[in-house]
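Visitor: I'm new to this one and would like a walk through some of its side chains. Can we take it topic by topic?

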Amino acid sequence: MEYEAIPGPPGLPIIGNIGDIDGDSPTLSFLRLTDTYGPIWKFNIGGDRIVIGSQALMHEISNEERFTKTIAASLGEVRNGTHDGLFTAKGPEEKNWGIAHRVLLPALGPLAIRNMFDEMHDIASQLVMKWARQGPEQLIHVTDDFTRLTLDTIALCAMDYRFNSYYSQHMHPFVEAMSEFLKVSGHRARRDPITQMFYRTETAQYWENIALLRKTSQEVIDKRKQNPTEKKDILNGMLNGVDPKTGEKMSEESIIDNMITFLIAGHETTSGLLSFTFYYLLKNPSAYDRAQSEVDNVIGKSPITLDHLTKLPYLNAVLREAIRLQPTAPAIGLHAKEDTTLGGKYECKKGVPIVALLPKVHRDPLVYGEDAEEFRPERMLDEEFERRNTEFPDCWKPFGSGMRGCIGRPFAWQEALLVMAILLQNFNFSMEDPSYELKIKQTLTIKPKDFFMRAHLRNHMSATTLERALASASINERAGEKAAATKKKASQGKPMSVYYGSNTGTCEALANRLASDAANHGFSAAVDILDAVKGNLPKDRPVAIITASYEGQPADNAGHFVTWLNSLKGSELSNVNYSVYGCGHRDWASTFHKVPKAIDRAIEELGGSRIAQMGTADASKGDIFTEFEAWEEKVFWPAVKERYGASGSSESSPFEATFDIEVSTPRSSKLRQDVREARVEAVEVLTAPGAPEKRHIEISLPSDMGYSAGDYLAILPLNPKENIARAMRYFGLAWDSMLTISSSGPTTLPTDTPISATDILGAYVELAQPATKRDINALIDVASDAAVKSELVRLATKAFTSDITEKRISVLDLLERFPSVRLPFAPFLKMLPPMRVRQYSISSSPLWNPNNVTLTYAVVDRPAFSGQGRFVGVASSYLSSLAVGDKLHVAVRGSHQAFHLPKDGQNVPVVMIAAGTGFAPFRGFIQERAAQIAAGRTLAPALLFYGCRDPKTDLLYADLLARWEKLGAVSLRYAFSRASEQSEDCKYVQDRLYHDREEVIKLWDADARLFVCGSREVGNGVQDACLKIAREKREREKGGEVDEEKLQEWFEGLRNERFATDVFA
């Protein structure tokens, strides 16, 4: 094969291209040279090296069968201090790397990282208080403070060691030694051996620094050995962990190597990420505002909890986008295992270092478009992020690749999300120099250079009150520690076995959670590893298997089981009753859930009987435990109950003796609403920008709440934050005001306990409720201005209907219109009715998903009829504020029995008529018909008459409807009020109904059912069209004029028999 020459800068004899690479900022030189020579080029410093800078080439060299990590340049020098630690080891060929990798996986698994939240919060709170006490006049050296933060965090979480960096102007000697060690390692990497000989003083200090790093690490180890604890931190993991493959423990030298490794890698990259993120947010005010608004909406002024971090999709996207543009570890070094080609045409020799230049990979215009250089977090929201990574694999690689990828990624991400959230929650930030343009400082990683900002406390908070608020976030006693100290009661019940395969500890935690919950369902469960049941899978009890894939391979404690399973050929597993749950990470798309799927399939093929459908979790979503609980509650236990008839135990709580925290959501009971907690699974805007906004939301229901297509979902909403702010402002309430309400009579408000004013105004009362005459009369009593009093009398009498009721004027509106009226807060609250539920037509079918519903709704936000500001719909604005993972309170309410699909769908046709979001119930109807047809059923015809403004702006679910029409589930008849030329010149649905009347008559004569959903205008228009069609039909059949009174009487007789309507205001 003839190869094309790899381009690159011409070098000089002996020194090669050393003059082309800036010693202080080599990455900037690489970027410049990539702009010059393209996405693949080579240079020579002590030998040839290849640089790649495109997604396609990154994807190619990510193939671990052909390429592997190389330790060269700076990393080769860092190896002087960390030897074969995880970061600087040459790979699996070094025994210590394999032992450390396997021992440390559980210590850095999702469960372990979750348990580090309190320590992370501790250090983050120290930073918050430092900035709060210094005040906005103090210049913040961003990278310095974030470096102190991340160093203290990794030290505390990993080895329970406090550097206390915020309590001293000078850094701990260990930190100074580490910083110098990294800096000099970079310098040494760029020098030839002869030049290095002239740096004797530097070299001596270099080795002294290494000695100090190792001495300090040894002291920490000795202290832990002398004072052992039960804490499940990384140090205990290294001291006590046993390699499941070799049975060996880590050597003390290896522990020291990896302690230094964690302190280096665990603070350098995350501090850079946080610094770059603030730079980009401060340069992009709209993104800053959206990120802070998300924090406000999700967390508010509450203490930040671990669960909050899973509900910040935009902040998550901000971090992804910042590290896309500025990957703090800007290059990955690899080499080919054998001679090969790159890009199908370039020669690549075995062992030649390949530098993957991540800033160029991450800005590939073929992947990210012409605006690849811009900071646009929207492209990193989950759905778009997953789509792009599926279409362009390996286009986002800030944490490395494959088995040598960053083991601490979950730690860094949880820490970064927490820090961003707690800072945006409590401060407003400004750049010291608004004209500052990003400059890069490079050591082992890159960070902004000379970047300063100021922090201003929000919400009129003082440092003292903030300190109290942060302190309230602490928990008396960590659940895990208390659980460890508490002996659980042995549960009685039918036998059950739970087996797991786990390297990181996550699947083990899920297995124990399932076993713990078993007692509440009448079972006594035993837990063990999968390898323990090799050749002896029980047949006398339900068996649950929870396992993961690791790069397509089984967990270390499940390998023997999988091998045994693959060796079976017949029906050896008949009478085994089983269910499988799989964990995985979508980043490893080619092996995603490979092992659990294979186990699930194999047991069935070998005669086993599946109890419940396999469940799966995706670690990339960051919420494995919630996904598992949903499967357990909605799929697994109902299936077990159906097969075994077990019932819940009343003797114990699933969390008996493990927690002393009482969490309640009393609002629904206080408001006497029969609603229960549900979870948002998906949200989507359905209309084009500029069109009245219509949205889609998917909600998972509580486990025993079912529904039928055509039913309603009742929502208990919260008031729009704009209205809450208005009320707080009018009554002069600070955002942290607490209320204690006393009442001598019955009330739906919480009494005799402190509760925040924002909660009362947001959740318990109807702020936008139109004022009553009694309310206005009360305002008259406290009005002091004669002219105001006279106007209020007019509004309470002759103008009440026209100016209050029809314009929906609330008490708050009146107070703002007449500021001289000073109504105390207590009577104001007493005037307001309690928050009530709103009902929305469910727009899905249980044949699609019996556990989830979807709603299709319009967001009400328009100029107020009163002329005062805007009228914002309470429920629609609340729904539109929800994000995936948010909780809300709901209940299914049945619709009229006539407003459901005919039971005899094979013989009874359906005609559906809707406009706008009135289509919602019919989406469920058609979805149900589609599922039935897909299952092989033959159904009678169905027509949908659907009206909207324009097919380009507000035609809802156009692609989905087209697919359903192609399937035969429906025939579509559109009416576009602003593009009638595209709908047979019909502007409204009633026009299209009349236009296609012959087909409607044909179906009507075949006993069709006719459904209408929409506004009152739609309902009236359709009724008029139906009467017109019926009148003309009778005139043709009987001749002469039709008796209008009898025609109307006939039509009314059809209601809720063959003609059903659902008309909303």
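Guide: Let's begin with two aromatic residues: Trp131 and Phe146 are both buried. Keep in mind that the model is predicted.

Visitor: How are the rings of Trp131 and Phe146 arranged as an aromatic pair?
Guide: The pair is edge-to-face, with 5.9 Å centre to centre and 65 degrees between the planes of Trp131 and Phe146. Trp131 belongs to helix H6 and Phe146 to helix H7, 15 residues apart, and the pair links distant parts of the chain.

Visitor: How many aromatic pairs are there in the whole structure?
Guide: A search of the whole structure gives 44 aromatic pairs. One of them is Trp131 with Phe146, described above. Another edge-to-face pair is Phe278 with Phe429, at 4.9 Å centre to centre and 70 degrees between the planes. Phe278 lies in helix H12 and Phe429 in strand S9, 151 residues apart. Both Phe278 and Phe429 are buried.

Visitor: Which residues do ring pairs link into a cluster?
Guide: The cluster consists of Phe523, Tyr581, Phe628, Trp631, Phe636, Trp637 and Tyr644. Tyr644 also turns up among the contacts of Asn577.

Visitor: OK, Asn577 then. Is Asn577 buried or exposed?
Guide: Asn577 counts as buried, at 16% relative accessibility. The residue is in strand S17, which covers residues 577-584.

Visitor: What does the side chain of Asn577 reach?
Guide: It reaches the backbone oxygen of Asn575 at 3.4 Å. A polar contact of 2.6 Å also joins the side chains of Asn577 and Arg643. Leaving aside neighbours within four places in sequence, the contacts of Asn577 include Arg541, Pro542, Val543, Ser609 and Ile611.

Visitor: Switching to cysteines. How many disulfides does a search of the whole structure find?
Guide: Zero.

Visitor: Why is there no bond between Cys507 and Cys583?
Guide: Their sulfurs are 3.7 Å apart, which is too far for a bond, because a disulfide needs them within 2.5 Å. Cys583 has the closest cysteine sulfur to that of Cys507. Cys507 is buried, at 2% relative accessibility.

Visitor: And how far is the nearest cysteine sulfur from Cys986?
Guide: It is 13 Å away, in Cys948, and Cys986 is in no disulfide. Cys986 is buried too, with a relative accessible area of 4%.

Visitor: Which cysteine does the UniProt annotation "binding site" cover?
Guide: According to the unreviewed UniProt entry, Cys406. Cys406 is in the loop between helix H17 and helix H18, and is partly exposed, with a relative accessible area of 40%.

Visitor: Last one. Where does the charged end of Arg1058 sit?
Guide: Over the ring of Trp1004, 3.7 Å from its centre. Arg822 has its charged end over the ring of Tyr730, 4.8 Å from the centre.

Definitions and conventions:
Residues numbered from 1 in each chain as written. Predicted model: local features only at pLDDT ≥ 70, side-chain atom pairs only at ≥ 80, totals over all residues. Heavy atoms only, no water. UniProt positions renumbered as here; feature names shortened; annotations may be inferred. Helix = DSSP H or I, 4+ residues; strand = E, 2+ residues; numbered from the N terminus. Buried < 20%, exposed > 50% of the residue type's maximum accessible area, 1.4 Å probe, protein only. Polar contact = N/O pair within 3.5 Å; in protein donor to acceptor, adjacent residues only side chain to side chain. Contact = heavy atoms within 4.5 Å. Phe/Tyr/Trp six-rings, centres within 6.5 Å; stacked < 30°, edge-to-face > 60°. Lys NZ or Arg CZ within 6 Å of the ring centre and 35° of its normal.
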